[in-house]
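Got your viewer open and ready to click around? Let's take a short walk, one selection at a time.

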Amino acid sequence: MKITGVETYVLESLLGDKAFGWSLWVTDRRQAALCVISTDEGIDGVGEALYSGCPAATATNLINDAYAPLIIGRNPFDNAVIWDLLYNRTRDQGMKGMPICALSAIDIALWDIKGKALGLPIHKLLGGSYRDKAHVYATGLYQPQNVSSITDALTEEALGYKQDGFSAMKLKVGYGIEEDIRLVKAVREAIGDDISLMVDANHAYNASEAIRLAREMEKYNIHWFEEPVPPEDIDGYLEVKQKSGIIITGGECEYTRYGFRELITRRAVDILQPDLCAAGGFTELARIVTLASAWNVPVMPHVWGTNVGLAASLQFFATLPHFPERRYPAEPFFEYDRSTHPLRDGISREKFAMKNGYLDIPQRPGLGITLDMSFVKKYAIS
Ligand code: CA
């Protein structure tokens, strides 16, 4: 089997009055960077790259211009060889960030092809599934714009998740400690004590601020505190982890086994959150999980894309071992983004529906989804 073509698509949808804020800025549009790899046997694979506000740099410049010419004519089953080839081509100026996001999309598409060629879901090619459904938490509770009361809007949204059957949800913080505590208190009191509540600061704080916030949040029974400090501040993570009574998580802004090495070996987080569409695709994420398992650090992936990234992340999630294995193991949580994303569901013919707090892991070959190309073309801006 040979790769014969690579197509990229950049999609965009403006959010208008559905724009939402978080600790760093207001998100006013959702975008997606996709690649479709075709082969001489008529089997196509699709991948998605996480973007940083500039999906064209990832899709057009990196995937299309830099990487595609290097993989035409190669066998998709040589995915690890192709990974090394592409990584080494951009390594000197691209060890982290967009080049690895682009590489992730290509790697995901290659695994989709392998699965379709063999008639097996990707989790079977990666060693098998520990689970056939994913226990999800709702990612939402961003800062709504154009509402009379942010607190009322957030408590209403939180109650909506509870009514929908979610047993866990994540609230954005990072607006200043006093405001954060006000929001955490309001949401906790609205949903009651039986729902797991995580918070996510998107690295808005320095270590001393994060420690103060963590201590003040302890009485609200916070399940985990995500990205308290900037991703480069490993010592800050260690300080927060040592002085906080709350589980500390992070990793969505880290890339490859080389980047995760320090987070893992220095035990800087309690739970590692690599993103499949950013940190290196299936090939590299499997290595990161192996590294994490040697240090007994649990892995629960970051997920924030369209149904392509969601389907890929579910395949990967199926293969995550328990940390550690035991008679009654703790099941990992799967991130189910519920924030406004007009491109998320329409992009694939297959839809995902949560049942009783769980998402089924697709058992169809490859990623288990097919693109709706008329939808892709409708929203494509390049
Ligand atoms: Ca996050």
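Before the first stop, one bit of vocabulary: two strands count as paired if DSSP finds at least two bridges between them. Also keep in mind that this is a predicted model.

**Stop 1: the sheet**

Select Ala33 and look across to S5: Ala33 stands opposite Ala49 there. Now light up the whole of strand S4, residues 29-39, together with S5. These two pair in the antiparallel sense over 6 bridges. In general, strands of a sheet pair through backbone hydrogen bonds, either parallel or antiparallel.

Add S1 to the selection, and you have an open sheet of 3 strands in the order S1-S4-S5, with antiparallel pairing. Which are the edge strands? They are strand S1 (3-14) and strand S5 (44-49), each of which pairs on one side only. Look along the sheet and you may spot its twist, which averages 20 degrees from one strand to the next.

**Stop 2: helices across the sheet**

Keep the sheet on screen and add helix H1, residues 55-71. Helix H1 lies across S1, S4 and S5, and runs at about 180 degrees to S1. Next, add helix H3, residues 98-118: it also lies across S1, S4 and S5, running at about 150 degrees to S5.

**Stop 3: helix H6**

Jump to residues 177-191, which make up helix H6. Its 15 residues should span 21 Å at 1.5 Å a residue, and its end C-alpha atoms are indeed 21 Å apart. Try showing the side chains of its buried residues, among them Ile177, Ile181, Val184 and Arg188. What covers the buried residues of H6? The cover includes helix H5 (150-164), strand S8 (168-172), S9, helix H7 (207-217) and S10. Just after H6, click on Gly192, which takes a positive phi of about 85 degrees.

**Stop 4: the calcium ion**

Finally, select the calcium ion. Which residues are its protein donors? They are Asp200 (OD), Glu226 (OE) and Glu252 (OE), lying 2.2 to 2.3 Å from the ion. Along the sequence, the donor residues follow the spacing D-x25-E-x25-E. Asp200 lies in strand S9 (residues 196-200) and Glu226 in strand S10 (residues 222-226), so this pair ties together parts that are 26 residues apart in sequence.

Turn on a surface for a last look at two of these donors. Are they buried or exposed? Asp200 is buried, with a relative accessible area of 1%, and Glu226 counts as buried too, at 0% relative accessibility.

Notes:
Residues numbered from 1 in each chain as written. Predicted model: local features only at pLDDT ≥ 70, side-chain atom pairs only at ≥ 80, totals over all residues. Heavy atoms only, no water. Donors = N, O, S within 2.8 Å, 3.2 Å for Na, K, Ca; no water. Helix = DSSP H or I, 4+ residues; strand = E, 2+ residues; numbered from the N terminus. Buried < 20%, exposed > 50% of the residue type's maximum accessible area, 1.4 Å probe, protein only. Expected span 1.5 Å × (residues − 1). Contact = heavy atoms within 4.5 Å. Axes fitted to C-alpha atoms, helices over the stretch in contact; angles between N-to-C directions.
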